[in-house]
Amino acid sequence: MSQVPLTHILIVSSALFFIGMYGLFTRRNLITMLMSVELILNSANINFVAFNRYLYPERLDGVFFTLFIVAIAAAEAAVAIAIIINLYRNFKSIDVEAADEMKF
Amino acid sequence: MSASAVVFYMLSVVVLGAALVAVTSRKIFRSAIWLLFSLTGIAGLYFWLQMEFVAAVQIVVYVGGIVVLIIFSIFLTQQSGKDLPPPVRVRAVFSALAAGAGFVLTCLMLSQHAFPAAVGNRGEAVAGVGTIGAQLLSTKEHGYVLPFEVISVLLLAAMIGCIVIAMKTKPDNQ
């Protein structure tokens, strides 16, 4: 593990972040946008774990932040999918362009 | 280059390649499966960093929970086998330019920044499950019991919110 510098792990996680960003910009389907958000959250998790392991190996704060981010991501995915299913019921489509009114 | 470094670079290629296919594939179900591979690769990265508990949580919550939820919602809302419409060309070009420029900028900043050496004992993993559990529920100085309780309330609120949002509304009296 010590042969790989910390910078390489950070480059991998930032590449993952910008791949998720590209997906968020180009996709117009709500489920695929949700997948892009999951990729972005995961890149943040990799950063937390890598910093914890390389810079402060005797502490655990990065692990706890990662666990909390995972829990929040699970809650966020559940709420997002409930909203998506509700939208599909009302608009018969989950394209973001189709959902152009909030209450009717 | 040692075997450990080779493992790291192979895992990185798997993670990034699967993520790239996941955000560009035209079939939404394949996109979800590639996302699954990417998340499993990230769990492999955690194993490589000797954070076994985080890797286990990643597999259980992401691969076992979130991806399965996404696949269920695809089955509920999408006609399977139909391609997604391709992205608008101008939008795709500018998104790729923006993401690429951001990536290059981040890499420049990373290459210029010198990180300090590790504080304390480097190489020995302390992230055992017992240590994590004891500190997570500790009320002492570095304990995390308050965020733990707050996040359990958040999960309860999210569960109630999901039920309320997805509940079928009663037909109006008309």
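Trainee: How do I judge whether α1(A) is enclosed by its surroundings or left open?

Mentor: Count neighbours around each residue; a residue is buried if 20 or more other C-beta atoms lie within 10 Å of its own. Bear in mind that this is a predicted model. In α1(A), 15 of the 21 residues are buried, so the helix is largely enclosed by the rest of the structure.

Trainee: And how far does α1 of chain A reach from its first C-alpha to its last?

Mentor: Helix α1 covers residues 6-26 of chain A and reaches 31 Å, close to the 30 Å expected at 1.5 Å a residue.

Trainee: What does that span check give for α3 of chain A?

Mentor: The idea is to set the expected span beside the distance between the end C-alpha atoms. The 31 residues of α3(A), residues 61-91, should span 45 Å, and the ends are 44 Å apart, which agrees.

Trainee: Which residues of α3(A) are buried?

Mentor: Among them are G62(A), V63(A), F64(A), T66(A), L67(A) and V70(A). Further along, the list also includes A73(A), A77(A), A78(A), A80(A), I81(A) and I84(A).

Trainee: What covers those buried residues of α3(A)?

Mentor: Part of the cover comes from chain A itself, through α2 (30-55). Chain B adds to it with α3 (52-77), α5 and α6.

Trainee: What comes right after α3(A)?

Mentor: K92(A) follows, and its phi is positive. Phi is worth a look here: the value is near 60°, in a residue other than glycine. K92(A) sits in the segment after α3 of chain A. With 9 C-beta neighbours inside 10 Å, it counts as exposed.

Trainee: Where in chain B is Q50(B), and what is its phi?

Mentor: Q50(B) is in the loop between α2 and α3 of chain B. Its phi is near 60°, again a positive value in a residue other than glycine. As for its surroundings, Q50(B) has 17 other C-beta atoms within 10 Å, so it is partly exposed.

Trainee: Let's turn to the two chains. How many residues of each are in contact?

Mentor: Start with the residue counts: 74 residues of chain B are in contact with 59 residues of chain A. On the chain B side, the elements giving two or more residues are α1 (3-24), α2 (28-48), α3, α4 (89-112), α5 and α6. α4(B) gives the most, with 12 residues. Sorted by class, the side of chain B that touches chain A has 52 nonpolar, 19 polar and 3 charged residues.

Trainee: Is α4(B) well covered or hardly covered?

Mentor: Hardly covered: of its 24 residues, the count of buried ones is 1. Its span checks out, though. At 1.5 Å a residue α4(B) should span 34 Å, and its end C-alpha atoms are 35 Å apart, which agrees.

Trainee: How do I read a helix pair across the two chains, say α2(A) and α2(B): parallel or antiparallel?

Mentor: Look at the angle between the axes, then at the residues that meet. α2(A) and α2(B) pack at about 5°, with their axes 11 Å apart. That makes α2(A) roughly parallel to α2(B), because angles under 35 degrees count as roughly parallel. From α2(A), residues including I31(A), M35(A), L39(A) and I46(A) take part, and they meet a set in α2(B) that includes I28(B), L35(B), I42(B) and Y46(B). The residues of this contact divide into 12 nonpolar, 4 polar and 1 charged.

Trainee: At what angle do α2(A) and α3(B) cross?

Mentor: Their axes cross at roughly 175° and come within 11 Å. That makes α2(A) roughly antiparallel to α3(B). I31(A), L34(A), M35(A), E38(A) and V49(A) meet V54(B), I66(B), I70(B), S73(B) and I74(B). By class, this contact has 8 nonpolar, 1 polar and 1 charged residues.

Trainee: Which residues does L137(B) touch, beyond those up to four places away in sequence?

Mentor: V145(B) and F148(B). L137(B) lies in the loop between α5 (129-136) and α6 (145-166) of chain B. It is 11 residues from F148(B) in sequence, and their C-alpha atoms are 7.6 Å apart. With 12 C-beta neighbours inside 10 Å, L137(B) counts as exposed.

Trainee: Which domains does the assignment give for chain B?

Mentor: It gives domain 1 (7-80) and domain 2 (128-174). Taken over C-alpha atoms, the centres of domain 1 and domain 2 of chain B are separated by 23 Å.

Note on methods
Residues are numbered from 1 along each chain as its sequence is written. Chains are lettered from A and ligands numbered from 1 in the order in which they are written. This is a predicted model: local features need pLDDT of at least 70, side-chain atom pairs count only at pLDDT 80 or more; totals for chains, interfaces and linings use all residues. Helices (H or I, at least four residues) and strands (E, at least two) are DSSP runs, numbered from the N terminus. Two residues are in contact if their C-beta atoms, placed from the backbone, lie within 7 Å. Domain bounds come from an automatic or database domain assignment. The expected span of a helix is 1.5 Å times one less than its number of residues. Ala, Val, Leu, Ile, Met, Phe, Trp, Tyr, Cys and Pro count as nonpolar, Asp, Glu, Lys and Arg as charged, and the others, Gly among them, as polar. Axes are lines fitted to C-alpha atoms, for helices over the stretch in contact, and angles run from 0 to 180 degrees between N-to-C directions. Angles under 35 degrees count as roughly parallel, over 145 as roughly antiparallel, 65 to 115 as roughly perpendicular and the rest as oblique.
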